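Reader: Please give me a close look at the loops and the charged side chains in this model. I would like the answer as one connected account, with the cut-off for each term spelled out as you go.

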Amino acid sequence: HVNEVQAITVAATHVDEVQVVTTTADYLPEVQEVTISAPEDGTIAGNFSLRFPEVQVITITAGATISSGSYSLNFTKPIVDATSDSGDHMKDGADGEIKYETQSTRCISFDATAAEVEAAINALPMLTTGDVSVSRSGNGGASYDFGYSFTVSFVGANVAGNVPLLMPSKYNSTQLYADLPGGEPFNLDSRCTEFDVATQDESVKVVSINDGDALGTDTEIQKVDVFATASIYQGQYKLKLNHSGGDAFSPCIEWDATAAEVESALENMTNVDSVRVERSGAADYDSKFGYTYSIFFDGHGMMVTPEGFNNPDTLEVLMGTEGNCDSFATIVNGVLMDFNGELGGGQQANVTSVTVDDGGYDLDAITANAMGLVKPELEMLPQVASLIGSAQSLSDYELGRTITLTFEENGSIQQLACGASEAFEDSDASCSVETVVDGNVLGGTFLLDTSDALPFDATELQVETALAEVWDVGTVSVSRSGPTPQLGYDWTITFIDAEGDRPLLDITSSLTGAGASATIVEATQGNELGGSFTLVYDNVATGAVSFDASTADLETLLEAVPGVSMVQVTTDSVVDTEGGRTWTVTFLDAAGDIKALAPETYALTGAGAAVTVVEVTKGSEALGDSLALSWPAPVECSTSQVTKGACGSPAEKVIFELDTAPNFKADPIYVEYELDYTVQKVLINAASLAGIAYENYAASGVFQLGYAGAETAYLSAQASPIEVRHALEALPGITAASVSRDYGGRVLEGFVVDAVYGYPFVKCASGETCNFYSSGVQMNDLIRVEGEWYRVATSYEASESTLPLAKLEDSSVALSYTGPTKYGSQLYGWSNGFEWTVTLHSVTTDTIEMLTSPAHSLAPADTSVSISLPDCDGCLYVDGLTPFTQYYMRAQTFNVLGASDYANHIAVMPKAIPGVPTDIEVEAVSGTQLEVFFSPPTSPSGDISQYTVQWDTDYTFKNVEASGSDASCWTSGYGSCEVEGAAIAGTPPFSYVM
């Protein structure tokens with residue numbers, strides 16, 4: 001007798017809870033005024049420029065009060081021409097190279113005023129008064145880490161553009177400049193005063209707060225376009241630049257290089273100190289299958305001088321083989337073909353360059369139109385969104401004027417600085433910029449629940465890290481969008497493993513800025529199960545079963561249904577993120593194979609809510625007229641690479657044919673079995689990785705799954721169960737699924753073992769030749785014994801017949817076999833990939849279909865993805881057969897295209913427990929002996945191998961059947977003996993003397 005076992009699973013579509021945190025502030029645009037003026041009766045002439053200066057911040061900190069100490073600042077300036085009075089401070093270089101000169105300030109006290117720091121930097125011989133302006137914050141107290149911050153703006157012509165960072169130093173290396181005319185005398189001490197602080201942890205650091213934004217109307221802008229008439233699959237080019245007295249070449253640049261890669265290629269050229277690159281386009285039809293690169297020559301070494309010199313030439317493009325780079329090519333009918341050679345027919349690819357703005361001082365001091373020239377020139381810069389108000393005042397008697405610039409979408413923006421041409425400088429004119437209205441921007445911090453304080457511009461990682469420390473939040477994924485002109489952001493928080501609909505995070509704002517606020521809304525409600533369902537058996541429904549019913553409640557409800565009788569309900573206590581779970585129901589006294597329970601879910605709530613019932617073990621009675629059929633499931637997809645992105649038609653049913661004649665022409669019986677696609681297995685197998693020492697290698701890369709013509713996003717070869725579930729439920733045909741993952745298994749041919757409960761090893765089965773060591777088995781290998789994974793223990797020493805077992809996590813820790821004893825068990829090894837078991841609970845198709853697997857991108861090349869149903873292990877019974885009669889069986893698999901060939905037939909025989917012996921008689925042989933006579937059972941019982949004869953002085957046979965009884969053929973007063981062999985080989989009745 002085998003008890004029927006059914007598994008009941010309640011599940012729903014996985015929907016991640018998504019909440020969005022938004023920070024905002026009042027809209028208040030920045031307004032700056034540019035004033036061009038001259039003294040009374042003075043003259044205004046020449047041109048001017050407007051630019052955003054480089055801004056660097058010097059920060060001095062310590063862990064305690066600083067009593068004294070000083071430092072020096074090294075300033076490095078790019079020099080374009082080859083002349084210099086600086087001697088040893090010039091880097092060696094030939095024409096076509098930008099050289100660099102470094103000078104150090106005099107020693108600066110840690111608590112210097114802003115004016116003192118400003119004077120120290122401007123006193124450098126290569127600079128002049130007004131080249132930098134400095135402001136100071138901090139008071140040397142604990143709230144400022146016992147230090148100060150100095151904001152240095154590089155506003156003068158000598159420091160225009162992007163300049164290298166100031167480098168703090170304890171040394172003053174500019175003694176040779178001490179006697180130069182102009183400026184204040186330098187400290188001749190070679191070493192500045194050591195800092196005096198109790199904690200000895202003083203720090204002087206410099207950072208740029210607008211790196212790459214030192215741009216203006218005087219910045220040269222060029223554009224490089226990569227385009228083609230069809231998709232580009234290969235192509236490189238070089239860029240050539242004439243500047244600083246010579247030519248320089250970039251390395252080969254890929255046709256689809258990122259902005260950062262082009263920027264790096266240009267800055268590797270010897271005559272370029274700094275550029276900023278922006279890329280646009282998507283390599284699609286609308287962008288002519290390529291990209292556009294806007295190149296801003298922002299380095300100081302690229303800036304036009306007041307005299308009008310130093311413009312970089314327009315970049316020259318060297319395509320493909322002209323620059324010793326890969327030619328441009330596309331793919332035609334699977335073949336890579338050059339655009340400008342093999343294709344013809346007007347197909348071409350090209351890379352062009354053009355100067356968009358040659359920079360310099362091109363705003364006429366008297367006539368430059370605010371709307372027609374100033375506005376469009378500034379709007380070319382990537383940090384300027386748009387100017388909504390740009391007006392000029394009436395000219396005064398000296399033709400001076402004020403230009404008002406209102407920055408629409410920039411919040412607070414760096415104050416512009418003026419640049420002047422030689423003619424402007426020689427006139428009486430002056431140019432100044434004043435911020436009239438500071439744009440409103442956010443600052444400060446905020447909290448999410450009990451998180452640490454998050455800055456107003458927190459990164460995605462900062463938010464994820466902060467929430468990871470908050471109780472009951474779990475794993476989250478965060479994406480950030482923005483900023484707005486006020487530096488507001490949206491953080492989209494996806495709760496990966498939250499259970500159902502979770503409450504909104506509490507948000508506490510300590511943000512600064514006019515109208516600053518932080519809000520949170522629920523963008524997507526997490527899905528959760530609710531309500532109840534019923535289970536129908538033989539047209540009778542149970543009472544309402546709560547989605548989270550206890551095992552006791554479910555037992556009570558089932559046992560109340562007529563015909564069910566006693567059941568045992570268990571659960572593994574695993575509850576998924578929607579509150580779904582599985583109950584295993586064992587029918588304790590139901591007769592044989594019973595109908596599957598039928599769920600009714602009209603009262604079950606939750607998106608995609610469904611109940612699935614799967615037969616785990618088919619019930620049967622020990623009648624002797626049945627056969628239990630088992631077979632490996634047919635594989636739906638090719639177990640090799642599917643080169644055309646499609647799988648064969650899935651198997652739909654199996655028909656078994658049984659007959660007493662091996663030619664199947666006596667009286668054949670046909671049994672049809674419809675395949676159930678509810679549970680499917682996805683296996684990755686990398687055959688060429690098998691046998692590698694210590695089994696550390698697994699298949700890598702990505703693959704996809706398909707259902708009803710739609711395909712998932714790419715999945716990693718190591719994808720987690722939740723990742724596979726998300727991908728499947730994102731398909732239009734699948735509403736709810738559950739997924740588990742295990743190591744993938746492969747049959748180890750010839751390895752048949754005996755697995756005995758409690759033994760710390762498995763041994764080659766009797767009659768088998770395993771040759772474990774000769775076949776390449778090694779310590780630490782993964783092996784599967786009766787469904788459970790073990791490792792070959794490190795104690796393994798080249799045995800051909802015995803494999804010691806160890807823990808999966810640590811092969812040095814021995815482990816005993818814990819499964820049921822099985823003689824002749826097939827051993828499995830690791831497929832060097834994973835196997836996902838997918839249960840489809842709810843689909844939108846009429847019936848559940850087979851998953852598919854398009855062409856994958858897995859490595860190594862022989863890696864396969866196979867999809868199959870679980871193997872059938874006694875899942876079908878054939879009843880009504882004649883016990884102990886020889887039958888022959890074969891089978892065919894069918895799909896929409898027809899039937900397969902028959903499998904090789906096998907011989908089978910239904911068997912039963914033999915009947916009782918008949919014609920029993922007892923005769924006294926002597927005073928101490930009795931002889932019993934008996935005949936075989938009258939019911940079919942097959943070939944009987946032995947009879948057991950028992951005797952006792954008690955009619956209940958309590959002496960024979962007592963626990964630990966020593967009853968045998970030779971015990972006195974009672975006994976038990978097997979009669980076999982020659983004693984039962986003749987003609988009955990048989991006899992035994994006791």
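Author: Asp-449 counts as partly exposed because its relative accessibility is 23%, where buried means under 20% relative accessible area, exposed means over 50%, and partly exposed lies in between, with a 1.4 Å probe and protein chains only. This residue sits in the loop between strand 30 (443-448) and strand 31 (454-455); helices (H or I, at least four residues) and strands (E, at least two) are DSSP runs numbered from the N terminus. The phi angle of Asp-449 is near 50°, which is a positive value in a residue other than glycine.

Before going further, please keep in mind that this is a predicted model, in which local features need pLDDT of at least 70 and side-chain atom pairs count only at pLDDT 80 or more, while totals for chains, interfaces and linings use all residues. Residues are numbered from 1 along each chain as its sequence is written, and side-chain values use heavy atoms, with hydrogens and water left out.

A second aspartate, Asp-538, also has a positive phi, near 50°, in a residue other than glycine. Asp-538 belongs to the loop between strand 36 (530-537) and strand 37 (540-541), and it counts as partly exposed because its relative accessible area is 48%.

Two other loops hold a proline that follows a cis peptide bond. Gly-482 and Pro-483 are joined by a cis peptide bond with omega about 10°, and Pro-483 lies in the loop between strand 32 (476-481) and strand 33 (490-495). Ala-859 and Pro-860 are likewise joined by a cis peptide bond, here with omega about 0°, and Pro-860 is placed in the loop between strand 58 (857-859) and strand 59 (864-868).

Turning to the charged side chains, what total of salt bridges does the structure hold? The structure holds 16 of them, a salt bridge being a side-chain nitrogen of Lys or Arg within 4 Å of a carboxyl oxygen of Asp or Glu. Side chains of opposite charge can pair when their charged atoms come close. Lys-240 takes part in a salt bridge with Asp-247, the closest N and O atoms lying 3.7 Å apart, and Asp-247 is partly exposed, with a relative accessible area of 40%. Lys-240 also forms a salt bridge with Glu-316, where the closest N and O atoms are 3.6 Å apart. Because Lys-240 lies in strand 16 (residues 236-243) and Glu-316 in strand 21, this pair ties together parts that are 76 residues apart in sequence. Glu-316 itself counts as partly exposed, at 37% relative accessibility.

Lys-681 and Glu-835 meet through their side chains in a salt bridge of 4.0 Å, N to O. Since Lys-681 is in strand 47 (residues 679-685) and Glu-835 in strand 57 (residues 822-843), the pair ties together parts that are 154 residues apart in sequence. The partners fall into separate classes of accessibility: Lys-681 is partly exposed, with a relative accessible area of 22%, whereas Glu-835 is buried, with 16%. Elsewhere, Asp-213, Arg-276 and Glu-278 are joined into one network by salt bridges that share partners.

Asp-326 brings us back to a loop, namely the one between strand 21 (316-319) and strand 22 (329-332). Together with Glu-254, Asp-256 and Glu-261, Asp-326 gathers in a patch of negative charge on the surface; patches are made of residues with over 30% relative accessible area and no salt bridge, like charges being joined within 9 Å and nonpolar side chains (Val, Leu, Ile, Met, Phe, Trp, Tyr) within 5 Å. Asp-326 counts as partly exposed because its relative accessibility is 38%.

In strand 22 lies Thr-330, which is buried because its relative accessible area is 5%. The side chain of Thr-330 reaches the backbone oxygen of Ser-231 at 2.6 Å. Finally, Tyr-233, Ile-331 and Leu-336 make a nonpolar surface patch of about 300 Å², with accessible areas taken from the Shrake-Rupley method with a 1.4 Å probe. Leu-336 has its place in strand 23 (residues 335-338) and, at 44% relative accessibility, counts as partly exposed.

Conventions: Lys and Arg count as positive and Asp and Glu as negative; His and the chain ends are not counted. The place of a charge is taken as NZ of Lys, CZ of Arg, CG of Asp or CD of Glu. A polar contact is a pair of N or O atoms within 3.5 Å; within protein, one must be able to donate a hydrogen and the other to accept it, and residues adjacent in sequence count only if both atoms are side-chain atoms.
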